[in-house]
Amino acid sequence: MATLDEQATQKAPNLYDVNASDPQSELVDRAGMDPAEVRHIGDVMAALGRLRSAENELSDASLKYMQLNQSDMRALHYLIVSANTQQTATPGAIAAHLKISTASTTKLLDRLEKAGHIIRQPHPSDRRALAISITAKTKQAAMETVGRQHAKRFQAAARLTPAERDVVIRFLDDMSAELALGDVAWAQPGAHPAQRAAAAKAQDAGSTDARRRTPS
């Protein structure tokens, strides 16, 4: 008899099947597309989903291992790269990288310094600024665990041919552009949920009309 976990897996719907998530073609206009092509695109979406799951699992494990939050880990990664490239990291540069306020950056650095992960020192050329560096112990711990696991992605890319890598780069850049919020109305600060929904619907309708007017 199948276990509850096995039964749940067997009954789980394909979350990346566009026919299941958008049966009325309200989100994606599939008119005229070959069903096999639609399924194949679904396979691509499912592969991306597996990648996200693997990345999330690794991220969760790294946070637990290092006993830090996501912003802390991103800051430490920035400091490792800065050290490796002989760049002086400042609180302002860290704030810009994390896209957080000066006050939030100060709290983050206070937390990391108290835990023994970073060192604050006078800036070598700017008396008004501080230089932030990661401690040798924390850098070694991050590199030998989380960093080593992340580095395995390089091997996957190395197994591709140059032409295949160009296709992957073009695809990922194209998808990033499609997902970018930019001036999307519903995502702007202060937008009411109802206003956001109406703006999204209007924008999608405009995009659909534009595609239909585009000659094939």
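Val44, Val168, Phe171 and Leu172 form a nonpolar patch of about 270 Å² on the surface. The model behind this picture is a predicted one. Helix α8, residues 162–179, gives the largest share of the patch, with 3 residues. Val44 belongs to helix α3, which spans residues 35–66. Its relative accessibility is 33%, so Val44 counts as partly exposed. A residue needs over 30% relative accessible area to join a patch.

Now step back to the whole chain. How many helices and strands does the chain have? There are 9 helices and 2 strands. Follow the sequence and they come in the order α-α-α-α-α-α-β-β-α-α-α. The chain has 216 residues, and buried residues make up 20% of them. Its accessible surface is about 16100 Å². Carbon and sulfur atoms account for 56% of that surface. Contacts say something about the fold too. Take those between residues at least 6 apart in sequence: 41% of them join residues at least 24 apart.

Return to helix α3 and look at its neighbours. One of them is helix α7, residues 136–158. The axes of α3 and α7 are 11 Å apart, and the packing angle is about 170°. Angles over 145 degrees count as roughly antiparallel. Therefore α3 and α7 are roughly antiparallel to each other. On the α3 side, the contact uses Glu55, Leu58, Ser62, Tyr65 and Met66. On the α7 side, the residues are Thr138, Ala141, Ala142, Thr145, Val146, Gln149, His150 and Arg153.

Pick out one pair from this contact. His150 sits in helix α7. Along the chain, His150 and Leu58 are 92 residues apart. In space, their C-alpha atoms are separated by 8.3 Å. Is His150 buried or exposed? The answer is in between: with a relative accessible area of 28%, His150 is partly exposed.

Helix α3 also packs against helix α4, residues 70–84. Here the angle is about 85° and the axes are 10 Å apart. That makes the two helices, α3 and α4, roughly perpendicular. Ser59, Ser62, Leu63 and Met66 are the α3 residues that meet α4. They face Gln70, Met73 and Leu76 of α4. Ser62 and Met66 appear in the contact with α7, and they appear again in the contact with α4.

Next come the charged side chains. The structure holds 7 salt bridges. In one of them, the side chains of Arg120 and Asp110 meet, with an N to O distance of 2.9 Å. This pair links distant parts of the chain. Arg120 is in strand β1, residues 118–122, while Asp110 is in helix α6, and 10 residues separate them. Arg120 also forms a salt bridge with Glu113. The closest N and O atoms of that pair are 2.6 Å apart.

How open to the surroundings are these partners? Arg120 has a relative accessible area of 24%, so Arg120 is partly exposed. Asp110, at 38% relative accessibility, counts as partly exposed. Glu113 is partly exposed as well, at 33%.

Another salt bridge joins Glu144 and Arg148, with the closest N and O atoms 3.0 Å apart. Where do these two residues lie? Both are in helix α7, 4 residues apart, which is about one turn of the helix. Glu144 is partly exposed, because its relative accessible area is 41%. Arg148 is partly exposed too, with a value of 47%. Elsewhere, salt bridges that share partners join Asp110, Glu113 and Arg120 into one network.

Finally, turn to the backbone. Most residues other than glycine have a negative phi. Ser25 has a positive phi, near 55°. Ser25 is in the loop between α2, residues 18–21, and α3. Its relative accessibility of 32% means that Ser25 counts as partly exposed. Lys99 has a positive phi too, near 60°. Lys99 lies in the loop between α5, residues 91–98, and α6, residues 102–114. Is Lys99 buried or exposed? At 76% relative accessibility, Lys99 counts as exposed. The cut-off for exposed is over 50%.

Terms used:
Residues are numbered from 1 along each chain as its sequence is written. This is a predicted model: local features need pLDDT of at least 70, side-chain atom pairs count only at pLDDT 80 or more; totals for chains, interfaces and linings use all residues. Side-chain values use heavy atoms; hydrogens and water are left out. Patches are made of residues with over 30% relative accessible area and no salt bridge: like charges are joined within 9 Å, nonpolar side chains (Val, Leu, Ile, Met, Phe, Trp, Tyr) within 5 Å. Accessible areas come from the Shrake-Rupley method with a 1.4 Å probe; for residues, only the protein chains shown count as cover. A salt bridge is a side-chain nitrogen of Lys or Arg within 4 Å of a carboxyl oxygen of Asp or Glu. Buried means under 20% relative accessible area, exposed over 50%, partly exposed in between (1.4 Å probe, protein chains only). Axes are lines fitted to C-alpha atoms, for helices over the stretch in contact, and angles run from 0 to 180 degrees between N-to-C directions. Angles under 35 degrees count as roughly parallel, over 145 as roughly antiparallel, 65 to 115 as roughly perpendicular and the rest as oblique. Contact means heavy atoms within 4.5 Å.
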